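Reader: I have a structure to look at. Could you explain the terms as we go?
Author: Gladly.

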Amino acid sequence: MRNNMNLKNVYGLAFSFALTMPAHAQQDENISIYPVQTYFPQVYLGASSAAASVTITNEEEYDTLTLGTVQFSGVDSDQFTLVNDNCSGEVLSANTSCTVEVSFSPTTFGSKTLILQLPTDSSLTPIINAFFS
């Protein structure tokens, strides 16, 4: 390690950001989320990442999909920012989609985790979960 690196630099070099969705979280085959996993470049303490887009698609041929309000949960949720939300309250017609964008702005050291939740009217998938860490 170089002598002029401080903790702020070390933290930024060690941090990564991922979006994942466990297999059990997406049970309705007509609801898709893309991408399943995204990695952000390193983020320094006090800086903000570029926004990551998540696309929710209603792949149903005929029925609509009603979405609730995007919610953040988890002890580190204050480290993340909802940049753009085109999904909350939307009714997706057949074969249409919407996007949610999230950025990461660490204010403390260490790895952080966020669960993005989006309620739906699907009986098979009442809540879509996306995990950020």
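Author: Helices (H or I, at least four residues) and strands (E, at least two) are DSSP runs, numbered from the N terminus. Glycine 110 is found in the loop between β9 and β10 (114-119). This is a predicted model: local features need pLDDT of at least 70, side-chain atom pairs count only at pLDDT 80 or more, and totals for chains, interfaces and linings use all residues. Residues are numbered from 1 along each chain as its sequence is written, and side-chain values use heavy atoms, with hydrogens and water left out.

Reader: Why is glycine 110 called partly exposed?
Author: Buried means under 20% relative accessible area, exposed over 50%, and partly exposed in between (1.4 Å probe, protein chains only). Glycine 110 has 28%, so it is partly exposed.

Reader: Why is threonine 120 called buried?
Author: Its relative accessible area is 13%, so threonine 120 counts as buried. Threonine 120 lies in the loop between β10 and β11 (127-132).

Reader: What makes phenylalanine 80 and phenylalanine 104 a tilted aromatic pair?
Author: Rings of Phe, Tyr and Trp (its six-membered ring) pair if their centres lie within 6.5 Å; planes under 30 degrees apart count as stacked, over 60 as edge-to-face and the rest as tilted. Here the centres are 5.0 Å apart and the planes meet at 45°, so the pair is tilted. Phenylalanine 80 sits in strand β7 (residues 80-85) and phenylalanine 104 in strand β9 (residues 96-104), 24 residues apart.

Reader: How do you know that phenylalanine 104 is buried?
Author: Its relative accessible area is 0%, so phenylalanine 104 is buried. Phenylalanine 80, at 5%, is buried too.
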